[in-house]
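Trainee: I keep reading labels off models without asking where they come from. Could we take one and go through the reasoning behind the words?

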Amino acid sequence: MATMSGIASKLPSSDGKKAETDTVRERMSKMSDGELLRCGMRAKLGHEQGLKTGEVSAEQRATELSEARLEWNRRYEKMPLRDSF
C-alpha cells in the first residue's frame, strides 16, 4: 500500500513539475480503489492544512489531490465523487 509520505519521498525534485505529476499519476494508477480513496482523503486534508499554515508542501498536496480525483474519474466516470476528496 502506497502512502502519501511514500509518494512524496519518491518524487524527483530536479525534474520539475511534469516529472512529479507523472510519478504521482503512475503510482495512483497502481493503487486499489480503497488505497486511492485513502490517498485522496489524505491529500485533501494535507492540502487544507498546508494552506492554513502556509507550507510549501501545499502545492504538492494539490497535485496529489488533483491526480487522485482524475484517476477516480478515469476508473468510474459515471460515478463522480463530487469532490468527496
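What follows is a talk about how the labels for this model are earned.

Mentor: Ground rules, then: this is a predicted model, where local features need pLDDT of at least 70, side-chain atom pairs count only at pLDDT 80 or more, and totals for chains, interfaces and linings use all residues. Residues are numbered from 1 along each chain as its sequence is written, and side-chain values use heavy atoms, with hydrogens and water left out.

Trainee: Fine. What does the secondary structure of the protein chain come to?

Mentor: Four helices and zero strands, so the order from the N terminus reads α-α-α-α. Helices are DSSP runs of H or I with at least four residues, strands are runs of E with at least two, and the numbering starts at the N terminus.

Trainee: How do you know that the span of H3 agrees with 1.5 Å a residue?

Mentor: The expected span is 1.5 Å times one less than the number of residues. H3 covers residues 33–53, and its 21 residues should span 30 Å; the end C-alpha atoms are 30 Å apart, so that agrees. Helix H4, residues 57–75, passes too: for its 19 residues 27 Å is expected, and its end C-alpha atoms are 27 Å apart. For the 14 residues of H2 both values are 20 Å.

Trainee: Why is Ala68 called buried?

Mentor: Buried means under 20% relative accessible area, exposed over 50%, and partly exposed in between, with a 1.4 Å probe and protein chains only. Ala68 has 0%, so it is buried. Ala68 sits in helix H4.

Trainee: And what makes Leu37 partly exposed?

Mentor: Its relative accessible area is 32%, which lies between the cut-offs of 20% and 50%, so "partly exposed" it is. Leu37 belongs to helix H3.

Trainee: What do Ala68 and Leu37 touch?

Mentor: Leaving out residues up to four places away in sequence, Ala68 touches Met28, Leu36, Gly40 and Phe85. With that exclusion, Leu37 touches Trp72, Leu81 and Phe85. Contact means heavy atoms within 4.5 Å. As for C-alpha atoms, Leu37 and Ala68 are 7.9 Å apart in space and 31 residues apart in sequence, while Ala68 and Phe85 are separated by 8.2 Å and 17 residues along the chain.

Trainee: Why can you say that the buried residues of H3 line one face?

Mentor: Start with the list: Glu35, Leu36, Cys39, Gly40, Ala43, Gly46, His47 and Gly50 are buried. Looking down the axis of H3, these fall within an arc of 140°, so they line one face of the helix. The arc is taken over the directions from the helix axis to the C-beta atoms. Gln49 and Lys52 are exposed, on the face turned away from the buried side.

Trainee: Now the packing. What makes H3 and H4 roughly antiparallel?

Mentor: Their angle is about 150°, with the axes 8 Å apart. Axes are lines fitted to C-alpha atoms, for helices over the stretch in contact, and angles run from 0 to 180 degrees between N-to-C directions. Under 35 degrees counts as roughly parallel, over 145 as roughly antiparallel, 65 to 115 as roughly perpendicular, and the rest as oblique. At about 150°, H3 and H4 are therefore roughly antiparallel. Among the residues in contact are Leu36, Gly40 and His47 of H3 and Ala68 and Trp72 of H4.

Trainee: Then why is H2 called oblique to H4?

Mentor: H2, residues 16–29, packs on H4 at about 45°, with axes 9 Å apart. That angle is in none of the three named ranges, so H2 is oblique to H4. Val24 and Met28 are among the H2 residues meeting H4, where Ala68 and Glu71 are among the partners.

Trainee: Which hand does each crossing have?

Mentor: H3 and H4 cross left-handed, H2 and H4 right-handed. Left-handed means the near helix is turned anticlockwise from the far one by less than a right angle; clockwise gives right-handed.
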